[in-house]
Amino acid sequence: MSEREKLVQIDHLSKFFVASKTMSGKPKRMVKAVEDVTMDIYKGETVGIVGESGCGKSTLGRSILRLIEPSEGKVIFENTDISTYKKKAMRDMRKKMQIIFQDPYASLNPRMTVCELIRAPLDSFHIGTSAEKLEQVKEIMSYVGLSQEQLHRYPHEFSGGQRQRIVIARALILRPEFVVCDEPVSALDVSVRAQTLNLMSDLQEKMGLTYMFISHDLSVVKYISDRIAVMYLGKIVEFTDKTELYENPLHPYTKALLSAIPVADVNHKMDRIILKGEVPSPFNPPHGCRFNTRCQYATERCMSEAPELRKVAPGHYAACHLLDK
């Protein structure tokens with residue numbers, strides 16, 4: 001079997017936001033939203049990103065696409081460093097890299113029809129004649145389960161699940177290779193979530209897509225992902241195959257997250273791991289391991305020395321001093 005082809009390589013990526021400045025204009029307080037993230041994403045796979053709200057999942061996804069500019073690090077797409085791309089070159093790259101936003105209604109212009117919304121990327125890049133654009137819109141609508149009779153309706157005339165299908169169609173009409181899915185089903189009803197996830201899986205196979213799937217719902221991520229990265233306070237603390245993660249979690253934070261997944265069995269005794277305290281402020285993260293303030297196994301070393309994300313088993317990476325041999 002040949003080695004898998006890397007599509008996206010993330011190399012020590014960080015994003016800091018300036019929260020306040022001194023009188024001279026120098027940064028005084030920084031929010032370390034994402035810090036020193038390194039990972040590879042292979043063609044055709046889905047990499048899930050999970051963690052508590054505010055851990056930096058969405059910031060990571062948008063930094064990769066350069067919707068917000070990274071503070072440090074590189075993003076390499078198809079063996080080309082796009083971190084140094086100027087505005088025009090990066091705009092052309094948008095054909096290959098797209099995003100599906102969390103709130104379908106907020107990301108759709110209420111004054112535009114479905115046809116105009118889905119066609120907008122083609123108009124922006126001046127792709128095809130009016131007739132060719134219409135045919136592409138109809139084709140992608142059929143892919144996502146929308147009918148041609150809905151072409152001239154407005155977003156408010158659709159249900160939440162249908163609006164998300166419109167957003168998906170708009171993101172895919174340029175035939176991108178890489179799509180960041182920023183909690184695309186969190187605003188949907190449970191029954192509609194399954195339909196949308198199945199649709200996204202079908203489209204991935206049909207169109208050869210590669211996903212980064214961001215979510216705080218561990219059951220959703222398990223269903224759609226091939227590999228999963230766990231984030232805590234801007235850092236990746238564990239990264240491995242989904243089966244390995246759920247059957248053999250190594251980081252204390254991952255174990256606590258997995259213990260909180262509800263089980264549909266009244267006779268199943270849940271062994272919950274209750275984390276003490278609140279998530280520390282990203283303005284002033286703890287020294288050493290960022291999880292040490294809530295970890296029951298924390299030692300003095302954890303409070304002074306930050307663990308590196310390293311390979312602890314084939315294809316399994318974790319950042320925890322407890323795993324040192």
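The dialogue below walks through several features of a predicted model.

Q: Is helix α9 covered or uncovered in this model, and which of its residues are buried?
A: An α-helix has 3.6 residues a turn, so residues three or four places apart point the same way. Helix α9, which spans residues 252-259, is mostly covered, with seven of its eight residues buried. The buried residues are P252, Y253, T254, A256, L257, L258 and S259.

Q: What covers the buried residues of α9?
A: The cover includes two helices, α7 (218-224) and α8 (242-247), together with the strands β9 (227-232) and β10 (235-241).

Q: How many aromatic pairs are there, and what is the geometry of the one formed by Y232 and F291?
A: The count comes to three aromatic pairs. In the pair of Y232 and F291, the ring centres are 5.1 Å apart and the planes make an angle of 85 degrees, and since planes over 60 degrees apart count as edge-to-face, this pair is edge-to-face. The pair links distant parts of the chain, for Y232 belongs to strand β9 whereas F291 lies in the loop between α9 and α10 (300-304), 59 residues apart. Both Y232 and F291 are buried, and ring pairs join Y232, F291 and Y253 into a cluster; Y253 is also one of the buried residues of α9.

Q: Which charged residues sit over aromatic rings, and at what distance from the ring centre?
A: R4 lies over the face of Y42, at 4.0 Å from the ring centre, and the charged end of K15 sits over the ring of F17, 5.0 Å from the centre of that ring.

Q: What is the volume of the largest pocket, and which residues line it?
A: Rolling a probe the size of a water molecule over the atoms shows where empty space is left. The largest pocket has a volume of about 320 Å³, and of the 19 residues that line it, K235, I236, P307, E308 and L309 are the closest to its centre. Two elements, β2 (27-42) and β10, give two or more residues to this lining, and β2 gives the most, with four residues. By class, the lining of the largest pocket has 10 nonpolar, four polar and five charged residues.

Q: How many cavities of 30 Å³ or more are there, and what lines the largest cavity?
A: There is one cavity of 30 Å³ or more, and about 80 Å³ of space lies in the largest cavity. Of the 14 residues that line the largest cavity, the closest to its centre are P252, C289, C295, C302 and C320. The lining of the largest cavity has 11 nonpolar and three polar residues, and no charged residues.

Q: Where do E78 and H126 lie, and what is the phi of each?
A: Most residues other than glycine have a negative phi, and most peptide bonds are trans. E78, in the loop between β4 (72-77) and β5 (80-81), has a positive phi near 50 degrees. H126, in the loop between α3 (114-124) and α4 (130-143), has a positive phi of about 55 degrees although it is not a glycine.

Q: Why does H126 count as exposed but E78 as partly exposed?
A: H126 counts as exposed because its relative accessibility is 69%, with the cut-off for exposed set at over 50%. E78 has a relative accessible area of 27% and is therefore partly exposed.

Note on methods. Residues are numbered from 1 along each chain as its sequence is written. This is a predicted model: local features need pLDDT of at least 70, side-chain atom pairs count only at pLDDT 80 or more; totals for chains, interfaces and linings use all residues. Side-chain values use heavy atoms; hydrogens and water are left out. Buried means under 20% relative accessible area, exposed over 50%, partly exposed in between (1.4 Å probe, protein chains only). Contact means heavy atoms within 4.5 Å. Rings of Phe, Tyr and Trp (its six-membered ring) pair if their centres lie within 6.5 Å; planes under 30 degrees apart count as stacked, over 60 as edge-to-face and the rest as tilted. A charge sits over a ring if NZ of Lys or CZ of Arg is within 6 Å of the ring centre and within 35 degrees of the ring normal. On a 1 Å grid over the protein atoms alone, a cavity is a set of points where a 1.4 Å probe fits but cannot get out, and a pocket is an open set with protein on both sides within 12 Å along at least five of seven lines; lining residues have an atom within 4 Å of a point. Grid points are joined across faces, edges and corners, and a volume is the space filled by probe spheres set on the points. Ala, Val, Leu, Ile, Met, Phe, Trp, Tyr, Cys and Pro count as nonpolar, Asp, Glu, Lys and Arg as charged, and the others, Gly among them, as polar.
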